[in-house]
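Please open the structure in your viewer and keep the selection panel at hand. The stops below are meant to be taken in order.

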Number of protein chains: 2
Amino acid sequence: MGGMTDPRLTPLAASLPATVPFTGPETLERRLGVAFRARLGANESGFGPSPRAVEAMARAARDAWMYGDPEVHELRHAIAAHHGCDPAHVIVGEGIDGLLGLLVRLVVTGGTEVVTSLGAYPTFNFHVAGFGGRLRTVPYREDRQDPEALTGLAREVGARLIYLSNPDNPMGGMHGPDVIGQMIEAVPEGALLVLDEAYAELAPEGSLPRVDPADPRVIRFRTFSKAHGLAGLRVGYGIGPRDLISAFDRVRNHFGLGRVAQAGALAAIRDEEWPREVAGRVAAARDEVARIARAAGLRPLPSCTNFVAIDCGRDGAFAKSVLEGLLRRGVFVRMPGVAPLDRCIRVTVGPGEALAALAEALPDALAEAQA
Amino acid sequence: MGGMTDPRLTPLAASLPATVPFTGPETLERRLGVAFRARLGANESGFGPSPRAVEAMARAARDAWMYGDPEVHELRHAIAAHHGCDPAHVIVGEGIDGLLGLLVRLVVTGGTEVVTSLGAYPTFNFHVAGFGGRLRTVPYREDRQDPEALTGLAREVGARLIYLSNPDNPMGGMHGPDVIGQMIEAVPEGALLVLDEAYAELAPEGSLPRVDPADPRVIRFRTFSKAHGLAGLRVGYGIGPRDLISAFDRVRNHFGLGRVAQAGALAAIRDEEWPREVAGRVAAARDEVARIARAAGLRPLPSCTNFVAIDCGRDGAFAKSVLEGLLRRGVFVRMPGVAPLDRCIRVTVGPGEALAALAEALPDALAEAQA
């Protein structure tokens with residue numbers, strides 16, 4: 001590709017790097033010439049979507065000649081009912097990624113200050129850079145995001161957005177309701193806490209904060225990509241104050257949520273049982289991944305998500321060579337991008353076969369990296 | 001909703017109206033308390049998608065736990081092969097709407113001049129306003145966009161983007177290869193022609209211009225929403241110069257095109273027969289809509305698309321009351337937004353039952369409007 005920059009781009013667009021937040025497993029397969037036998041890198045749910053969602057999508061496929069409802073009325077109301085809030089507090093969109101992009105567009109312009117943790121979700125950073133924001137980072141503290149330092153820095157620099165994922169990606173831990181509640185109290189005037197709860201349905205009972213949907217200091221994001229097993233549909237939603245939620249209508253791609261996606265997500269949100277069942281299987285699989293890690297002499301970090309960060313015990317270069325050994329053996333995993341988090345590899349949990357492939361490949365990949 | 005403007009919005013976001021480009025038929029149904037028996041307003045294809053695409057989507061539904069390939073490798077290569085060009089000239093995205101939004105974001109910033117026709121595609125205008133561009137319009141001439149006036153105005157104001165849909169939406173006509181070729185020659189230095197070919201597969205044989213994908217003056221857009229009958233999947237693509245195409249990677253939602261959408265579109269592009277068959281049915285249905293219009297004493301405009309603009313013979317208020325009469329009778333149609341185009345209603349063609357509903361409702365709606 002390389003090539004020239006098109007002279008018609010805006011100065012901002014021309015200044016953006018060509019790098020992408022994540023390389024897809026398909027790209028790696030093409031690059032390495034392997035077909036992955038275990039897809040454990042993207043925090044997808046190998047336990048699959050609810051059979052009711054699959055059925056709803058197959059049925060909707062025949063109706064795919066019709067645009068999806070641009071108001072996403074039925075799904076938005078079902079989500080609101082699920083959370084016991086008014087639909088005016090809910091925005092549904094093309095995954096959390098798409099909604100984060102819209103939120104950043106609404107709030108960030110050239111030089112707007114934004115605060116996140118060093119090593120937190122790269123796609124959020126991609127959006128902030130893409131709209132000319134100035135990203136400030138706070139280091140993780142003992143492998144957890146540091147709420148006090150985040151709000152403190154936000155106050156210091158006059159940030160508009162503060163990003164926190166809870167449960168945390170990529171390390172897997174979480175802060176309890178009290179800590180998050182205190183963090184919300186500490187959000188400075190004029191700032192907004194972006195609380196990414198992508199893994200919420202997989203967290204232990206009682207561990208999630210109760211947040212008032214009308215609280216002007218917070219927008220929370222949820223997704224159908226994780227516990228609901230619908231990453232390939234691209235549906236996420238935000239819950240937040242009415243005025244902020246209604247502002248999304250000014251900039252969103254109104255017909256962007258297709259008919260098949262809406263049908264699948266609607267069936268998924270109505271199936272209360274499936275994510276609970278998945279959460280149980282995920283918990284068991286987390287134990288199994290931890291066992292595999294320990295058996296190889298590595299230290300698994302505690303996780304409230306569908307992945308386990310495994311401390312490889314040395315630096316980022318070493319973890320990277322373990323990861324590359326796994327890739328070559330057909331096991332797709334990822335790792336955090338910056339030190340000291342990058343001493344870990346991040347392994348998504350999955351069904352038995354995928355974990356068996358991991359158990360088989362990890363000792364060899366490790367031995368190779370140590371050699 | 002109304003409400004306040006969130007104080008954290010950027011000045012640009014705060015200045016945007018809450019209006020949306022199109023009201024969906026589901027919203028109208030809820031508002032009017034009717035269930036439409038004929039959905040002839042959104043230029044969807046009532047002839048449906050290829051059965052192979054339906055099968056591919058149903059199969060992909062089970063795999064919806066996996067993200068779609070962020071490089072859209074297989075589909076992008078299939079599209080490139082279909083058009084006989086290098087994949088580096090092809091960008092695939094969430095419908096033409098989504099791609100137009102990204103293109104505008106790449107090229108338009110506060111005060112950037114943009115030229116389009118008065119009454120042309122509102123969603124393009126929505127994006128231009130959304131990024132602070134200054135939209136200039138050229139009137140239609142004899143119900144067609146005026147290429148010479150568009151490039152002339154672009155030269156005068158130093159426009160970066162010039163929008164033209166060909167075949168034309170909302171009027172249905174088109175310009176031949178010679179006129180478009182001349183228009184491309186007349187694109188001023190520093191400007192880009194945005195050639196929206198959403199209806200290309202429905203145009204008569206030999207009527208489309210041949211455009212060099214590497215030509216730096218043009219980006220063309222195509223979609224799976226019209227002839228392919230997949231409006232509810234949200235897949236479109238652009239063909240243009242390599243440097244411009246690669247710039248989309250800097251701003252797009254990389255995982256935005258889901259696995260089900262990619263599978264459906266891939267099966268659709270591989271089924272060369274289906275859009276041809278649909279084009280035949282569309283042509284016959286256009287004749288039938290024209291016959292229905294004439295039988296009611298109205299004048300249908302010639303069309304190269306899957307809709308027919310019907311001149312109601314008076315002003316916009318009259319056409320609007322005909323349209324409202326149709327809506328109340330369960331027939332969803334739309335109409336152009338500005339004079340003099342708004343003397344017409346715009347009727348999407350469809351299968352026999354839908355047109356029978358139109359034939360039944362139109363004389364009554366017309367008589368009511370005349371009364």
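This tour goes from the pair of chains to the domains of one chain, and then to a group of strands.

**Stop 1: both chains**

Display chains A and B together, bearing in mind that this is a predicted model. A turn of 180° with a shift of 0.0 Å along the axis lays chain B on chain A, with an RMSD of 0.0 Å. The two copies are therefore related as by a two-fold rotation axis. To find that axis from chain B, select Ala58(B), whose C-alpha is the nearest to it in that chain, at 2.2 Å. Both copies use the same surface, since 100% of the contact residues of chain B recur in chain A.

**Stop 2: the contact between the chains**

Next, select the residues at which the chains meet: 77 from chain B and 77 from chain A. On the chain B side, colour helix 1 (11–15), helix 2 (25–32), helix 3 (51–62), helix 5 (95–107), helix 9 (242–247) and helix 10 (259–270), each of which gives two or more residues to the side that touches chain A. Which helix of chain B provides the largest share of this side? Helix 5 of chain B does, with six residues. Colouring by class shows 34 nonpolar, 24 polar and 19 charged residues on the side of chain B that touches chain A.

**Stop 3: the domains of chain A**

Now hide chain B and colour chain A by its domain assignment: domain 1 (21–48 + 274–370) and domain 2 (51–270). The C-alpha centres of these two domains of chain A are 25 Å apart. Where they touch, 25 residues of domain 1 of chain A are in contact with 25 residues of domain 2 of chain A. On the domain 1 side, select helix 11 (273–295) and strand 10 of chain A, each of which supplies at least two residues. Helix 11 of chain A gives the most to this side, with four residues. By class, the side of domain 1 of chain A that touches domain 2 has 16 nonpolar, seven polar and two charged residues.

**Stop 4: strand 10 and its partners**

Finally, centre the view on strand 10 (residues 307–311) of chain A, where four of the five residues are buried. Add strand 9 (residues 299–300) of chain A, which runs antiparallel to strand 10 and is joined to it by two bridges. Pro300(A) stands opposite Ile310(A) here, and a hairpin of six residues connects the two strands. Then add strand 12 (residues 344–348) of chain A, joined to strand 10 by five bridges in an antiparallel arrangement. Select Asp311(A) to locate its bridge partner in strand 12, Cys344(A).

Methods
Residues are numbered from 1 along each chain as its sequence is written. Chains are lettered from A and ligands numbered from 1 in the order in which they are written. This is a predicted model: local features need pLDDT of at least 70, side-chain atom pairs count only at pLDDT 80 or more; totals for chains, interfaces and linings use all residues. Copies are superposed by least squares on the C-alpha atoms of residues with pLDDT of at least 70 in both. Two residues are in contact if their C-beta atoms, placed from the backbone, lie within 7 Å. Ala, Val, Leu, Ile, Met, Phe, Trp, Tyr, Cys and Pro count as nonpolar, Asp, Glu, Lys and Arg as charged, and the others, Gly among them, as polar. A residue is buried if 20 or more other C-beta atoms lie within 10 Å of its own, exposed if 12 or fewer, and partly exposed in between; C-beta atoms are placed from the backbone. Two strands pair if DSSP finds at least two bridges between them. Domain bounds come from an automatic or database domain assignment.
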